[in-house]
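Student: Please take a close look at the ligand site in this model. I would like one connected account of what surrounds the ligand.

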Amino acid sequence: MVLMYQSSCHAVRLPRPGRSSFSFVSESCSTRFRCVPALLAPTYSETGLWQAQMTPPPGSREALPTKVDVAIVGAGLCGLAAADTLAVAGRSVVVFDREPLCWGASSRNGGMVIPELKAGPASLEQHYGELAQRMYAEANDAFDFIEATIAGDDGRGGIECNYQRSGQLYLAHTRSHVGELREQAAEHAALGEAVRFVPASRLSEEIGSEAFFGGVVFERTGGLHPARFHAGLASRAMTAGAQVIDRTGVTGLSRRGVSHRVETTRGTVEAADVIVATNAYADGATPALKHKVLPVGSYIIATEVLPEELAHSISPTGRMMVDTKNFLFYWRLTPDRRLAFGGRRSLDPVDVPEARDFLYDAMLRIHPQLAGTAVEYAWGGNVAITLDRLPHVGRIDGAWYATGCNGSGVAMNTWLGHRLGEVLTGQAPPPALAELKHRNVPLSSWRHAYLPLVSRWFDVQDRR
Ligand SMILES: Cc1cc2nc3c(=O)[nH]c(=O)nc-3n(C[C@H](O)[C@H](O)[C@H](O)COP(=O)(O)OP(=O)(O)OC[C@H]3O[C@@H](n4cnc5c(N)ncnc54)[C@H](O)[C@@H]3O)c2cc1C
């Protein structure tokens, strides 16, 4: 498999977290991953922090339409951005989501708005030649589009979602990664981007941690409150005229002459066009798409609200942080001054308490100053991994789809949804990403058998 991950780890002495008078220690620290059990706040909850802080707009309670121009499967950022663009262009649009509105990855993520693809410009060019430049430009377009949408540059009102261009700090977790990061910084800087290498001796200006050997600052990365952005996009699409129907699963799609028959748990709709925007949650309604992405869990813990000084000591510049491991950690301060710390230890599913304890232990290794700080929220969601680690757009049985966020689809999947809206209204040709061959994940039905072995291999590399 060509799942191109990054590589490995650091060893910092781990202090035992103290017990605060109002907290208790979780009993569930797995024996599978030796770790310090998380200290839990009395208000500890296994819902997403973001979702707990946002009431999504109600989905449409109107009757199902019998016929529409476009039916969209999935009301995440991708489906809603497509719906918005189509509705603004005067098309009749219905969006179905089998779950309550703002349930999916779009409201559960780390809120990092990344103007990059997984591979850097040079590596992309080596693999894809001329197409690479256009794909790289699209990552920038996606970033510009999400910023313009949030700012309301189109005159339709912005989205209040605590957006800040915070910048991102990409951290070398071993000395052997320093050279690679230096090269990356130079490569981006040569393209005129505000990207710079930070040597270990100056890392304290960016992060309160002794765990890393150097880093790269990408000034252009942003941070937002995911559920506020997701809900804002839903309201925008509905205001433009899209009908967004939640708690209604699409159970089957079929061609009927030039149109599509969309079967749902509440009835059938005929649509001239269909967009499938299910990303990591593709199900039996689109069997062919299910084989093109690997759904992998990613988990996040959020601490209790931190004292200002402690928060500043961890992240003096408020960057979005990511390290260089295969099983990378990502973390940031939240708008209400908690530390949200995410990652995974394995490609096969784990339950939230197991992931939480593993993340808590890792968070303390990186930021020992958080000893005694309790976890208030822990949650997880699925990301869609593709074989080449790139997002994909295409058609299956006449329906358009965009998928394959590979863990960084806040900007990209939103933009791809918008672009599919443009394609269906004839405003623009398909994006360059549609020119990529989208190969199936080999033996995807057998993934539960082989993923533990792949995970083990990544883990060994990360520990080297
Ligand atoms: C824990 C976590 C952290 C992340 N962190 C970041 C980050 O910091 N930055 C970043 O850029 N990206 C991040 N991501 C990825 C990002 O969240 C996704 O790329 C993005 O939200 C995908 O949007 P989407 O609309 O394509 O899919 P989703 O938001 O997942 O929406 C898909 C929807 O399809 C619905 N659906 C599926 N099947 C059907 C059906 N048959 N009928 C009806 N509805 C259906 C699902 O219910 C779901 O609501 C993270 C993801 C996770 C899980």
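**The ligand site**

Tutor: Domain 1 (24-45 + 168-220 + 301-383 + 459-463) and domain 2 (67-164 + 224-294 + 386-454) both contribute residues to the shell around the ligand, so the ligand lies between them. The model is a predicted one. The C-alpha centres of the two domains, domain 1 and domain 2, are 27 Å apart. Their contact draws 22 residues from domain 1 and 27 residues from domain 2. About 2,000 Å² is buried between domain 1 and domain 2, and carbon and sulfur atoms give 59% of that area.

Around the ligand there are 39 residues, of which Asp-97, Ser-106, Met-112, Cys-405 and Val-410 come nearest. By class, the shell holds 16 nonpolar, 18 polar and five charged residues.

Backbone atoms of Val-250, Tyr-281 and Val-410 approach polar atoms of the ligand. For Val-250, a backbone N or O atom lies 2.9 Å from a nitrogen atom of the ligand. For Tyr-281, the distance from a backbone N or O atom to a ligand nitrogen atom is 3.3 Å. At Val-410, a polar backbone atom is 2.9 Å from an oxygen atom of the ligand. The ligand taken alone exposes 1,000 Å², and the protein buries 99% of that.

In terms of secondary structure, the elements that supply two or more residues to the shell around the ligand are α2 (77-88), β14 (294-303), β18 (375-385) and α10 (410-424). The largest share, three residues, comes from β18.

How values were computed: Residues numbered from 1 in each chain as written. Predicted model: local features only at pLDDT ≥ 70, side-chain atom pairs only at ≥ 80, totals over all residues. Heavy atoms only, no water. Near = heavy atom within 4 Å. Polar contact = N/O pair within 3.5 Å; in protein donor to acceptor, adjacent residues only side chain to side chain. Areas by Shrake-Rupley, 256 points an atom, 1.4 Å probe, with all protein chains shown as cover. Helix = DSSP H or I, 4+ residues; strand = E, 2+ residues; numbered from the N terminus. Nonpolar A, V, L, I, M, F, W, Y, C, P; charged D, E, K, R; others polar. Domains from an automatic or database assignment. Contact = heavy atoms within 4.5 Å. Buried area = accessible area lost by both parts, 1.4 Å probe.
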